[in-house]
Amino acid sequence: MNREKFIKFRVNGEEETKIKERAEKAKMNISTFVRNCALNDKITVCDSAEIYRLNSSLRAIGRNINQIATVANSTSQIYSGDISSLHEQFEKISESVLKYTKSVSGNGDS
């Protein structure tokens with residue numbers, strides 16, 4: 001295949017070393033290695049706002065678990081309403097995590 005176009009990009013010394021090492025390990029020259037990575041590797045883009053939202057939800061569930069544990073330890077009683085609420089929160093966050101993971105992996109409908 002005749003390649004008449006030329007693409008040039010900058011790297012620092014550490015990046016250059018890693019690219020050379022990986023190309024050598026793959027038994028490719030640098031041009032072939034970089035071209036293969038650019039054309040064939042999957043690039044996953046994550047929405048940091050969504051990750052932050054999911055993390056906040058998990059922290060809230062953790063706080064609720066700690067509050068229920070504190071009450072249970074001090075009174076030797078656990079209220080079914082607390083457990084039901086915690087279960088609902090867990091189901092919601094589980095659905096959100098599953099939906100986000102599918103969208104990131106490319107297996108979701110969104």
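Trainee: Since this is a predicted model, let's start with α3: which of its residues are buried?

Mentor: Buried here means under 20% relative accessible area. In α3, four positions go by that label, and they are L54, I61, I68 and A72.

Trainee: How far apart are the end C-alpha atoms of α3, and what span should its residues give?

Mentor: Take the 28 residues of α3 at 1.5 Å a residue, and the helix should span 40 Å. The model agrees with that, because the end C-alpha atoms of α3 are separated by 40 Å.

Trainee: Which residue follows α3, and what is its phi like?

Mentor: Look just past the end of α3, which covers residues 48-75. The phi there is positive, near 60 degrees, and the residue is S76.

Trainee: Which residue forms a salt bridge with R53?

Mentor: R53 sits in α3, and its partner lies in that helix too, 3 residues away, about one turn. R53 itself is partly exposed, because its relative accessible area is 37%, between the 20% and 50% cut-offs. The closest N and O atoms of the pair are 3.0 Å apart, and the partner is E50.

Trainee: How many salt bridges does the structure hold?

Mentor: Besides R53 with E50, K18 pairs with E14. E16 also pairs with K20. The count for the structure is 3.

Trainee: Let's move to α1. What is the N to O distance in the salt bridge of K18 and E14?

Mentor: Both residues lie in helix α1, 4 residues apart, so to speak about one turn of the helix. K18 is partly exposed at 47% relative accessibility, whereas E14 is exposed at 55%. Their side chains meet with an N to O distance of 3.4 Å.

Trainee: And what is the N to O distance for E16 and K20?

Mentor: That pair also belongs to helix α1, with 4 residues, about one turn, between the two positions. E16 is partly exposed at 37% relative accessible area, and K20 is partly exposed at 40%. The N to O distance in their salt bridge is 3.2 Å.

Trainee: Which residue caps the N-terminal end of α1?

Mentor: Helix α1 covers residues 13-25. At its N-terminal end, a side-chain oxygen lies 3.1 Å from the backbone nitrogen of E14, and that oxygen belongs to N12.

Trainee: What distance separates the end C-alpha atoms of α1?

Mentor: The helix has 13 residues, and at 1.5 Å a residue they should span 18 Å. The model agrees with this, its end C-alpha atoms being apart by 18 Å.

Trainee: Which residue with a positive phi follows α1?

Mentor: Go past the end of the helix, which covers residues 13-25. The phi there is near 60 degrees, and the residue is K27.

Trainee: Is N2 buried or exposed?

Mentor: N2 lies in the segment before α1. Its relative accessibility is 67%, and the cut-off is over 50%, so N2 counts as exposed.

Trainee: How far is the C-alpha atom of N2 from that of V104?

Mentor: Along the chain, N2 and V104 are 102 residues apart. In space, their C-alpha atoms are separated by 36 Å.

Trainee: What about the largest pocket: which residues lie nearest its centre?

Mentor: The pocket has a volume of about 480 Å³. Its lining has 7 nonpolar, 1 polar and 5 charged residues. Of the 13 lining residues, those nearest the centre are K5, F6, I7, S31 and R35.

Technical notes:
Residues are numbered from 1 along each chain as its sequence is written. This is a predicted model: local features need pLDDT of at least 70, side-chain atom pairs count only at pLDDT 80 or more; totals for chains, interfaces and linings use all residues. Side-chain values use heavy atoms; hydrogens and water are left out. The expected span of a helix is 1.5 Å times one less than its number of residues. A polar contact is a pair of N or O atoms within 3.5 Å; within protein, one must be able to donate a hydrogen and the other to accept it, and residues adjacent in sequence count only if both atoms are side-chain atoms. A salt bridge is a side-chain nitrogen of Lys or Arg within 4 Å of a carboxyl oxygen of Asp or Glu. Buried means under 20% relative accessible area, exposed over 50%, partly exposed in between (1.4 Å probe, protein chains only). On a 1 Å grid over the protein atoms alone, a cavity is a set of points where a 1.4 Å probe fits but cannot get out, and a pocket is an open set with protein on both sides within 12 Å along at least five of seven lines; lining residues have an atom within 4 Å of a point. Grid points are joined across faces, edges and corners, and a volume is the space filled by probe spheres set on the points. Ala, Val, Leu, Ile, Met, Phe, Trp, Tyr, Cys and Pro count as nonpolar, Asp, Glu, Lys and Arg as charged, and the others, Gly among them, as polar.
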